[in-house]
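Work through the exercises below with the sequence and the structure at hand. Each task is followed by a solution in steps.

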Amino acid sequence: MLTYTIRRLLIMIPTLLVISFVTFSIIKLPPGDFLSNQIAELKSQGDNAALEKVEFLRKQYGLDKPFVEQYAVWIGLWRGEKGFSGLLQGDWGWSFEYDLPVGDVVGDRMVLSFILNFSVILFTWAIAFPIGVYAATHQYSWGDHGLTLLGYVGLATPNFLFALVLMYFANVEFGLSIGGIMDPEYLGQPWGWAKFRSVLSHLWIPVIVIGTSGTAAMIRRLRANLLDELQKQYVVTARARGVPAVRLLIKYPLRMALNPFIADIGNLLPSVISGSAIVAVVLSLQTSGPMLLEALRSQDQYLAGSFLMFLSLLTVVGMFISDLLLAALDPRIRLTGGTAK
Amino acid sequence: MTRNFRYPFGAVATELAQGAAGSVVTVGVLQFAQPAGPLIWVLAAVAGLFLVYFARAVVRYLTRFELDERGIRALGPLARDIAWPDLRALRLDHYTTRSDRSGGWMQLVVRGARGSIRIDSSLTGFDALAVALAEEARRRDCAFDASTRANYRALGFTPND
């Protein structure tokens with residue numbers, strides 16, 4: 001496993017560097033930058049003091065420097081005006097739109113996004129696992145057909161539409177407003193027990209809305225995977241030898257069927273975060289998704305870049321963890337893919 | 001008759017280069033880029049891992065394996081000896097870093113009563129050594145898990161089920 005871990009790490013480091021370069025390039029692709037637009041606006045208003053500040057920011061963040069130098073300063077591998085001050089040093093840059101450091105702008109949003117998305121993942125697994133096992137072990141039963149139908153409905157319903165339907169019914173039928181991820185009085189307040197409770201009481205709606213399609217997909221995959229395993233020769237042999245059904249199920253087929261759960265760790269986090277952005281807009285959630293959309297729209301390069309790098313880091317670290325777990329759980333050769341040297 | 005096995009220099013040289021490159025990059029970033037608090041610990045842990053990997057490559061280069069009618073021995077800095085009566089289990093794992101699971105390498109773990117020996121498939125004569133060990137394990141009724149059975153079948157050997 002040490003060799004495997006090291007080789008995966010060796011792949012991970014250049015991957016992150018390439019992702020950061022591509023991210024920065026894409027953000028810089030449109031002509032001009034946020035400050036160019038600001039300058040044009042301020043010039044038309046004749047605001048000289050603000051113009052000086054814009055020039056100061058342009059110098060401080062090296063926007064007048066060559067592209068490669070800007071990139072190296074941004075990730076913290078090159079000395080800028082403030083010395084080494086980039087992502088590696090924990091300085092996420094300056095948000096031109098909010099006129100604040102990115103760290104201050106992001107504030108609670110990363111924490112709230114993490115709580116929401118972690119809850120979605122738990123919900124997905126907690127629901128999908130027992131239903132998937134039931135559907136596979138009771139193939140073509142009424143329960144299987146019913147759950148399959150529900151699964152297809154879940155897969156076919158866009159999350160934002162589900163959110164709109166829930167909001168409509170909650171409002172019209174029960175007179176409830178289910179938007180937001182906490183009560184408005186806690187917005188911007190320091191974390192405490194009351195704020196945490198408020199978040200928990202609001203969390204279930206977005207968790208159900210965002211988690212439904214992922215749960216349905218996971219049920220389908222677990223069912224298919226487990227059905228494949230249950231039809232294999234070793235299961236038939238074990239049954240013929242009189243191994244109790246539950247023990248047989250838990251000992252091998254279920255272990256093998258867990259692979260998609262583990263393989264999904266890497267994809268789950270970024271897909272849940274990016275997939276939840278539109279739902280967050282619809283449900284007025286104070287998470288990172290809507291802010292990312294706004295940052296990309298307004299070319300707020302450091303804010304957008306930091307978000308995208310954070311998502312990429314989650315993906316790469318998630319893939320790394322899932323690969324390590326998969327290698328430990330099922331170190332079998334797949335002959336269809338090639339042979340070992 | 002005693003049979004000897006060693007890692008070829010080419011395979012060890014690749015590992016040495018990987019370990020050295022990883023250590024230089026991570027220590028370089030730690031030394032010159034003044035990373036933030038939590039990142040220091042992450043980078044230090046990664047640098048430590050690369051250094052262990054480098055040291056292990058050196059140990060591998062100095063190790064040779066002996067197989068005869070008495071048992072299997074790893075001779076070198078981390079010497080170990082497993083006599084056939086002490087053989088407890090055999091495990092053959094396959095690892096690959098590619099998403100289509102092509103290529104990769106195998107690792108054989110021979111467990112004895114007082115320790116284990118790990119052998120990678122980059123060893124010259126690995127297939128013959130793995131099969132010889134599996135035949136010995138089969139004679140001694142050692143159990144093979146599902147992964148080991150599948151991986152042995154890929155080597156052209158069918159262990160007992």
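## Exercise 1: A sheet in chain B

Strand E6 (residues 105–112) of chain B and E7(B) are joined by six bridges and run antiparallel. The model is a predicted one.

Task: find what connects E6(B) to E7(B), and which residues stand opposite each other.

Solution.
- Step 1. The connection from E6(B) to E7(B) is a hairpin through two residues.
- Step 2. Opposite B:Gly112 stands B:Gly115 in E7(B).
- Step 3. Further along, B:Leu108 has B:Ile119 in E7(B) as its bridge partner.

Task: add E5(B), give the order of the strands, and say why one side of E5 and of E7 of chain B is left without a neighbour in the sheet.

Solution.
- Step 1. E5(B) is joined to E6(B) by seven bridges, and the two run antiparallel.
- Step 2. One pair between them is B:His94 with its bridge partner B:Met106 in E6(B).
- Step 3. The order is therefore not closed into a ring: E5-E6-E7 (chain B) form an open sheet of three strands with antiparallel pairing, and because strand E5 (89–95) and strand E7 (115–120) of chain B stand at the edges with a single partner strand each, one side of each has no neighbour in the sheet.
- Step 4. On average, neighbouring strands of this sheet are turned by 15 degrees against each other, direction ignored.

Task: what lies across E5 and E6 of chain B, and at what angle to E5(B)?

Solution. Helix H4 (residues 146–154) of chain B lies across these two strands, and runs at about 70 degrees to E5(B).

## Exercise 2: Chain B as a whole

Task: describe the elements of chain B and their sequence pattern.

Solution.
- Step 1. Chain B has four helices and seven strands.
- Step 2. Along the sequence they follow the pattern β-α-α-β-β-β-β-β-β-α-α.
- Step 3. The C-alpha atoms of chain B fill a box of roughly 60 × 35 × 30 Å along the principal axes.
- Step 4. Of the 161 residues in chain B, 29% are buried.
- Step 5. Taking contacts in chain B between residues at least 6 apart in sequence, 54% join residues at least 24 apart.

Task: which domains make up the division of chain B, and what class of residues does domain 1 of chain B turn to domain 2 of chain B?

Solution.
- Step 1. Domain 1 of chain B covers 7–62 and domain 2 covers 65–154.
- Step 2. The centres of the two domains, taken over C-alpha atoms, are separated by 27 Å.
- Step 3. Contacts link five residues of domain 1 of chain B with six residues of domain 2 of chain B.
- Step 4. The touching side of domain 1 of chain B has five nonpolar residues, no polar and no charged ones.

Task: is B:Arg3 buried, partly exposed or exposed?

Solution.
- Step 1. B:Arg3 is found in strand E1 (residues 3–6) of chain B.
- Step 2. A residue counts as buried with 20 or more other C-beta atoms within 10 Å, and as exposed with 12 or fewer.
- Step 3. B:Arg3 has 13 such atoms within 10 Å, so B:Arg3 is partly exposed.
- Step 4. B:Asp68 is 65 residues from B:Arg3 in sequence, while their C-alpha atoms are 6.4 Å apart in space.

## Exercise 3: Cores and the interface

Task: locate the largest nonpolar core and name residues with the most contacts inside it.

Solution.
- Step 1. The largest nonpolar core has 43 residues, and those with the most contacts inside it include A:Val102, A:Leu303 and A:Phe307.
- Step 2. Among the elements that give two or more residues to this core are helix H1 (2–28), helix H4 (67–75) and helix H16 (301–329) of chain A.
- Step 3. H16(A) gives the largest share, six residues.
- Step 4. Among the residues that A:Val102 touches are A:Trp92, A:Tyr302 and A:Leu303.
- Step 5. A second, separate core has 29 residues, including B:Leu87, B:Val110, B:Ile119 and B:Ala130.

Task: which residues of H4(A) are buried, and what do they pack against?

Solution.
- Step 1. The buried residues are A:Tyr71, A:Val73, A:Trp74 and A:Ile75.
- Step 2. These residues pack against H1 and H16 of chain A.
- Step 3. Just after H4(A), A:Gly76 has a positive phi of about 90 degrees.

Task: describe the contact between chain A and chain B.

Solution.
- Step 1. In chain A, 30 residues are in contact with 32 residues of chain B.
- Step 2. H1(A) gives the most to the chain A side, with 11 residues.
- Step 3. By class, that side has 16 nonpolar, eight polar and six charged residues.

Key:
Residues are numbered from 1 along each chain as its sequence is written. Chains are lettered from A and ligands numbered from 1 in the order in which they are written. This is a predicted model: local features need pLDDT of at least 70, side-chain atom pairs count only at pLDDT 80 or more; totals for chains, interfaces and linings use all residues. Two residues are in contact if their C-beta atoms, placed from the backbone, lie within 7 Å. Domain bounds come from an automatic or database domain assignment. Ala, Val, Leu, Ile, Met, Phe, Trp, Tyr, Cys and Pro count as nonpolar, Asp, Glu, Lys and Arg as charged, and the others, Gly among them, as polar. A nonpolar core is a set of buried Ala, Val, Leu, Ile, Met, Phe, Trp, Tyr and Cys residues joined through C-beta atoms within 7 Å. Two strands pair if DSSP finds at least two bridges between them. Axes are lines fitted to C-alpha atoms, for helices over the stretch in contact, and angles run from 0 to 180 degrees between N-to-C directions. Lists of a residue's contacts leave out its neighbours within four places in sequence.
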